[in-house]
Amino acid sequence: MDGSSTKDGRGAGVIIENPRGKRYKYALKFILKAPHNEVEYKAQIAKIELCYTTGADLVQAFSDSRLVVSQLNGEYEVKDDTMAAYVRQVREAFKLLKHFSIMHIPRSEKQQADALSKLAC
């Protein structure tokens, strides 16, 4: 998953891969004016909802946002009230699934999701 913010809009690229290796690719456009980190959280919520609607209930997610991953995993304190509200929303969305975990990966390892996020903008 990758969130993207440009002067033309906000978007996210989401790639869902099932256990058999089949990939589903989504380019999501958000109609909101928000900072990049807020877009990252909105993208996480959208990703969880996509997984839920496609029947996935055991999800391992990846993001290049170390801040978002660390806040969701409880490793970094959330100091901003707006970000704390997003963390609560994402954690509430976790409950839709049997298992959800998220790991940080370098941007260089998620080029397809990055391209999709730019396409969405």
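These are my notebook entries on the fold of a predicted model and on one of its helices, α3.

**Overall fold.** I first looked up the secondary structure and found four helices and five strands in the protein chain, which follow one another along the sequence as β-β-β-α-β-α-α-β-α. I then checked burial and noted that 45% of the 121 residues of the protein chain count as buried, while the chain exposes about 7000 Å², with carbon and sulfur atoms supplying 52% of that area. For the contacts between residues at least 6 apart in sequence, I recorded that 67% join residues at least 24 apart.

**Helix α3.** I turned next to α3, which covers residues 81-94 and, with its 14 residues, reaches 20 Å from its first C-alpha to its last, close to the 20 Å expected at 1.5 Å a residue. At its N-terminal end I found Asp80 acting as a cap, with a side-chain oxygen 3.0 Å from the backbone nitrogen of Thr82. I listed the buried residues of α3 as Met83, Ala84, Tyr86, Val87, Val90 and Ala93, and I noted that their cover includes α1 (36-53) and α2 (66-72).

**Aromatic pairs.** I searched the whole structure for aromatic pairs and obtained two. One of them is formed by Tyr41 and Tyr86, which I entered as stacked, since the planes stand 15 degrees apart, under the 30 degrees that serves as the cut-off, and the centres lie 6.0 Å apart. Tyr41 belongs to helix α1 and Tyr86 to helix α3, so I read this pair as tying together parts that are 45 residues apart in sequence. Checking both partners for burial, I found Tyr41 buried and Tyr86 buried as well.

Terms used:
Residues numbered from 1 in each chain as written. Predicted model: local features only at pLDDT ≥ 70, side-chain atom pairs only at ≥ 80, totals over all residues. Heavy atoms only, no water. Helix = DSSP H or I, 4+ residues; strand = E, 2+ residues; numbered from the N terminus. Buried < 20%, exposed > 50% of the residue type's maximum accessible area, 1.4 Å probe, protein only. Contact = heavy atoms within 4.5 Å. Areas by Shrake-Rupley, 256 points an atom, 1.4 Å probe, with all protein chains shown as cover. Expected span 1.5 Å × (residues − 1). Polar contact = N/O pair within 3.5 Å; in protein donor to acceptor, adjacent residues only side chain to side chain. Phe/Tyr/Trp six-rings, centres within 6.5 Å; stacked < 30°, edge-to-face > 60°.
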